[in-house]
Amino acid sequence: MKRGLTAPRWDLDLAAVHATACSDVVEVRFAWLGGEPQAVLSCQDGSTLACCSWAAQPAPPAVSRLATAAQQLLPGAPIREAALLTEEDAYWYSHHLQRRLPVLRVKFADPDATWFHIDPTTGEVLNRADQSSRTYRWLFNAPHSFDFRFLLQRRPVWDAVLWLLSAAGLIISVSGVVIGWRRLSGVR
C-alpha cells in the first residue's frame, strides 16, 4: 500500500518564472513556502526574486502570510510578535557579515524565547536565535568585537576605540614582560 504523494505535483508556471527572471540569473532554487511552490531567482548583482508561488504573478509573499507560515517552525508555540525590520538593530546588524534588509523577525512565546529572521522576499529562514544566543551576543560578541550599534554606525569612532584598546593591551602586556624580566633577573 502506497502512502503519501505518489506523483510529483508542481503547480508552478515556468513561463511566469522565465518572464520574471532577471537577465543575469546565476541560480534558481525551487522551494515550498506554506505548502505552495515557488522559484527563488538569484541574480548576478546579488538581488533575489521570488516568483510565482501561489499566484501566476511575480510578487513577494505578504508579511502576514509569512508569519502564518512561520508558525510551522515551532508548531507548539504561539507567535508573540512578528515585525518587519527595515533598519539594523542590536541583534540584526552588519559588521563582519552583510545582513539583508528588510527582514521579518518572528518572536515565539516558547520557553527558549526563540526568534526567527526571515527574508520577506523569499520566505527563507536566515537566522534562529534563542535566549541563550542573545545572551551570548552580549557577554561574548559585544566585548570581543565591540559591535555596539552606536559604534558601528560611526565607523571612525569604532576604529579609534579598537586602536586605543589594542594599544592599552599592548602596553599592559609589554610592561608585564618587563616587570617579569626584571624580577627574574634580580633573583639570580
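Student: Which element gives the most to the lining of the largest pocket?
Tutor: Keep in mind that this is a predicted model. In it, β7 (125–129) and α3 (131–145) each supply at least two residues of that pocket's lining. With 6 residues, the top contributor to the lining is α3.

Student: What is the volume of the largest pocket?
Tutor: Here's the general idea: rolling a probe the size of a water molecule over the atoms shows where empty space is left. For the largest pocket, the volume comes to about 340 Å³.

Student: Which residues are the closest to the centre of the largest pocket?
Tutor: The lining has 16 residues in total. By class, they split into 5 nonpolar, 6 polar and 5 charged. Closest to the pocket's centre you'll find Y91, Y93, R99, R137 and N141.

Student: Let's zoom out. In what order do the elements of the protein chain run from the N terminus on?
Tutor: The protein chain has 5 helices and 7 strands to place. Starting at the N terminus, they come in the order α-β-β-β-α-β-β-β-β-α-α-α.

Student: What percentage of the residues in the protein chain is buried?
Tutor: A residue counts as buried under 20% relative accessible area. The protein chain has 188 residues, and the buried share of them is 28%.

Student: Is L66 buried or exposed?
Tutor: L66 sits in helix α2. Its C-alpha atom is 9.7 Å from that of E124, a residue 58 positions away along the chain. L66 has a relative accessibility of 2%, so it counts as buried.

Student: Where does L74 lie?
Tutor: L74 is buried, at 16% relative accessible area. Look for L74 outside the helices and strands, between α2 (63–70) and β4 (79–85), in the loop.

Student: How many Å separate the C-alpha atoms of L74 and F108?
Tutor: Along the chain, L74 and F108 are 34 residues apart. F108 is the end residue of β5 (103–108). In space, the C-alpha separation of L74 and F108 is 7.9 Å.

Student: What is the omega of the cis peptide bond from L101 to P102?
Tutor: P102 is in the loop between β4 and β5. The bond leading into P102 from L101 is cis, and its omega is near -5°.

Student: Which residue has a positive phi although it is not a glycine?
Tutor: Check the loop between β5 and β6 (115–118). The residue in question has a phi of about 50°. At 19% relative accessibility it falls under the 20% cut-off, so it counts as buried, and it is A113.

Student: Which residues make the nonpolar surface patch of about 230 Å²?
Tutor: One member, F30, is found in strand β1 (residues 25–33). F30 has 47% relative accessibility, so it counts as partly exposed. The full patch is V25, V28 and F30.

Student: On to the charged side chains. How many salt bridges are there?
Tutor: The rule asks for a side-chain nitrogen of Lys or Arg within 4 Å of a carboxyl oxygen of Asp or Glu. The pair E27 and R29 passes at 3.9 Å, N to O. Counted this way, the number of salt bridges is 7.

Student: Why does the salt bridge between D89 and R105 tie together parts of the chain, and how many residues apart are they?
Tutor: The side chains of D89 and R105 meet at 2.6 Å, N to O. D89 lies in the loop between β4 and β5 while R105 is in strand β5, so the pair ties together parts whose distance in sequence is 16 residues.

Student: Which residue of that pair has a relative accessible area of 7%?
Tutor: D89 is buried, with a value of 17%. The buried residue at 7% is R105.

Student: What is the N to O distance in the salt bridge of R100 and D119?
Tutor: R100 counts as partly exposed at 34% relative accessibility, whereas D119 is buried at 4%. Their side chains meet, N to O, at 2.5 Å.

Student: Which residues are linked in a network of salt bridges?
Tutor: You've met some of the members already: E27 is partly exposed at 36%, and R29 is partly exposed too, at 30%. R100 and D119 form a salt bridge of their own. The whole network is E27, R29, R100, D119 and E124.

Notes: Residues numbered from 1 in each chain as written. Predicted model: local features only at pLDDT ≥ 70, side-chain atom pairs only at ≥ 80, totals over all residues. Heavy atoms only, no water. Patch = residues over 30% accessible without salt bridge, like charges linked within 9 Å, V, L, I, M, F, W, Y side chains within 5 Å. Areas by Shrake-Rupley, 256 points an atom, 1.4 Å probe, with all protein chains shown as cover. Helix = DSSP H or I, 4+ residues; strand = E, 2+ residues; numbered from the N terminus. Buried < 20%, exposed > 50% of the residue type's maximum accessible area, 1.4 Å probe, protein only. 1 Å grid on protein atoms, 1.4 Å probe; cavity = no way out; pocket = protein on both sides within 12 Å on 5 of 7 lines; lining within 4 Å. Points joined across faces, edges and corners; volume = space filled by probe spheres on them. Nonpolar A, V, L, I, M, F, W, Y, C, P; charged D, E, K, R; others polar.
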